[in-house]
Amino acid sequence: AALALGQGARRFHVAAALNAKAKVSMSRFEPNSYINYDMLRSNIDIVRKRLNRPLTLSEKIVYGHLDDPAGQEIVRGRTYLRLRPDRVAMQDATAQMAMLQFISSGLPKVAVPSTIHCDHLIEAQIGGAQDLQRAKEVNHEVYNFLASAGAKYGVGFWKPGSGIIHQIILENYAYPGVMLIGTDSHTPNGGGLGCICIGVGGADAVDVMAGIPWELKCPNVIGVKLTGTLSGWTSPKDVILKVAGILTVKGGTGAIVEYHGPGVDSISCTGMATICNMGAEIGATTSVFPFNHRMKTYLEKTGRGEIAALANENQDLLVPDSGCHYDQIIEINLSELKPHINGPFTPDLAHPVSDIGSVAEKNGWPLDVKVGLIGSCTNSSYEDMGRAASLAKQALDKGLKCKAQFTVTPGSEQIRATIERDGYAKLLRDVGGVVLANACGPCIGQWDRRDVKKGEKNTIVTSFNRNFTARNDANPATHAFVTSPEIVTALAIAGTLKFNPETDFLTAPNGEKFKLVPPTGDELPARDFDPGQDTYQHPPPDGSGLKVDVNPQSNRLQLLEPFDRWSGNDLEDLRVLIKVKGKCTTDHISAAGPWLKFRGHLDNISNNLLIGAVNIENDAVNKIRNLLTGEFGGVPDVARHYKKHNVSWVVVGDENYGEGSSREHAALEPRHLGGRAIIVKSFARIHGEYEIFLPLEAKRHLPIDFNSSVWSVNRNKLEETGPAPLKAVIKHSDGSSETIELNHTFNETQIEWFQAGSALNRMKALQK
């Protein structure tokens, strides 16, 4: 059965390509895996005849990857699609759990091309070379596990220092029309190259690697029509900052955002990737741009001329049909768009840069910019670095350096080597910058920040994508703003949020007043890219004889024990562990930063369960009442106490619970410590799809008595696909009780997985 699963996936992706008119490899690293536009065209033709209407680009690529295009029910926003993605990508923090799950499946080899990228475990402290060397030493056990597991199971391995997963994908694996899933929420970055790239949890990645069709709720499609032309200080980042302000952090949930219109051609390929990358912050399934000459040029410049030519021949597949229907339309005139800066504490609080100084003064936000940080997976392209360097040169020519601290994170080894060769890195260092390792670094909290004390109010500006409380530096008093690399550089030079580079003057050391000229930078290097050091490990043709060791005494890695199957009985006598107040992201549920080192050890990382969430009972963080003892304790401690005494529990939350990273640890930890259900007003896209706990949504206020609330949940209707109501009985300390209705969000397959204890349990059962 295991062999059949794998062969089924390979039959779809590779064998059919042997009959294609032109055999072009997906990547230079995978010469035997071919692009198959013939299959895509065939599936699209089948679906178009069935639906009898024009298709959006999103629909073409998604429906073009249906497992059964002739029989699949297709209704936007309602039905679940069974899909066959072309490939899987995993970053090292999530790859640990994904590979541990794949090992548990018993399968001999991955069924689709897959890669692991070492980018999350490198802490920014001193500078690129030193930080990378320290990371290799500290994380040796994890890197060795991932490299050996990759070799054994046929997964490509990008070593630490190679760069950020999304930049590596864009440079090497993305191509127009591909469907890729990645274990990181910013996987949609690939949409800048005309791909459907979707962030998922590790369990979904394991399903695809095992050759099982992947299920996705048929997405709605939001159209963003771009007109006009970008110019001056306005950058591609401002497009998504504006869209985030319009749609908010949940406005894109359940939808693919599809950009189109004449303004698209004024944006570079890497600029389009920036826009798609940060689409994760509006809850979108993914974002995508239509194939055009900017993508063709990028493919050619990154050594993929054959793919560019093949895409050009099949361009009709890679653009929306005329007259296609969007569920919502947003129009943005790029000629009128102004530079934006979003924050603090949420990426959808949008402000024009011209207003941020006065808004900050009014709200009491610190005006002095302590640190400016450019780079990350969102904004670390050659063009980004060139535009920032052009501003650095202007300041240096006038004798100025940054007033704020300034850091630079190259997106990949190729970008690092090229900006070193072309002098950009020197300019950025000379103006006061520190060039960090080719890794995620401060963007995900991997930052050993020492210039402010925890609890000290301060402001930082970044070109990152996410700015939740304490995300970058573990300091809840840090006011983090996200903007373009150009605006970050200008504000770092000026040292204050009150500086508007479009209108304000700087003062040189000699007293001369001058304005910064709008930034400029080449879209792509004139002399081609310098690949830098070779950091890729290709798996051997046969890894069956290789061994993957996990030390039972390790505090970094732990083999997984399967979760118990559902007994078939109702959930009864459930205590409320915590009712969370306000926003609860995956950073609140399972913090990153120093906790990343435990991503391969479920029991150890469970010690960070909900330690960032605010308890509505006392407005405190990581301080909840133990209903068995009456004493207050940390969330993980109370959860472990309940588990020890065989007391199951639930978490109660608010809107858009679990927004942020595709962090399945935020789902695994509650279940590991005895949680049975999460009850909220609504879930974010990825978090509500985990089948290891019962995700329940209530449409009205949840009446909670903190002293002794006990829940029972009737699951007689769990066999019905959601949203089907379940009844929950709440028993109060005064002896009264009330019954409310809750909706689960599972589809038929997810119910089977839940009943089995997890998708992995179900997969193993099918092999017997």
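I looked up C269 first and found it buried, at a relative accessible area of 1%. Buried here means under 20% relative accessible area, exposed over 50%, and partly exposed in between, with a 1.4 Å probe and protein chains only. The model is a predicted one: local features need pLDDT of at least 70, side-chain atom pairs count only at pLDDT 80 or more, and totals for chains, interfaces and linings use all residues. Residues are numbered from 1 along each chain as its sequence is written, and side-chain values use heavy atoms, with hydrogens and water left out.

**Cysteines**

I searched the whole structure for disulfides and got zero. The cut-off for a disulfide is a pair of cysteine sulfur atoms within 2.5 Å. For C269, the closest cysteine sulfur belongs to C195, and at 8.5 Å it is too far for a bond. I then checked C584, whose closest cysteine sulfur is in C443, 20 Å away and also too far for a bond. C584 is buried, with a relative accessible area of 2%.

**Helix α8**

Helices (H or I, at least four residues) and strands (E, at least two) are taken from DSSP runs and numbered from the N terminus. I went through α8, residues 202-209, and noted that eight of its eight residues are buried, so the helix is largely enclosed by the rest of the structure. The buried residues are G202, A203, D204, A205, V206, D207, V208 and M209. Just after α8, I noted a positive phi of about 85° at G211.

**Helices α11 and α12**

I looked at α11 (residues 293-301) against α12 (residues 305-313): their axes come within 7 Å and cross at roughly 155°. Axes are lines fitted to C-alpha atoms, for helices over the stretch in contact, and angles run from 0 to 180 degrees between N-to-C directions. I therefore entered α11 and α12 as roughly antiparallel to each other. The classes are under 35 degrees for roughly parallel, over 145 for roughly antiparallel, 65 to 115 for roughly perpendicular, and oblique for the rest. With contact meaning heavy atoms within 4.5 Å, α11 contributes K296, L299 and E300, and α12 contributes G305, I307, A308 and N312. By class, I recorded three nonpolar, two polar and two charged residues in this contact. Ala, Val, Leu, Ile, Met, Phe, Trp, Tyr, Cys and Pro count as nonpolar, Asp, Glu, Lys and Arg as charged, and the others, Gly among them, as polar.

**Aromatic pairs**

I found 12 aromatic pairs in the structure. Rings of Phe, Tyr and Trp (its six-membered ring) pair if their centres lie within 6.5 Å; planes under 30 degrees apart count as stacked, over 60 as edge-to-face and the rest as tilted. Y259 and F289 are stacked, at 4.7 Å centre to centre with 5° between the planes. Y259 sits in strand β11 (residues 255-260) and F289 in the loop between β12 (286-288) and α11, 30 residues apart along the chain. I noted both Y259 and F289 as buried. Y382 and Y424 make a tilted pair, 5.1 Å centre to centre and 40° between the planes. Y382 is in helix α14 (residues 382-397) and Y424 in helix α16 (residues 424-430), 42 residues apart. Y382 counts as buried at 5% relative accessibility, and Y424 does at 14%. I also logged one aromatic cluster, formed by F29, W158, Y173 and Y536.

**A129**

I located A129 in helix α5 (residues 128-138). A129 is exposed, with a relative accessible area of 61%. Its C-alpha atom is separated by 49 Å from that of D321, 192 residues apart along the chain.
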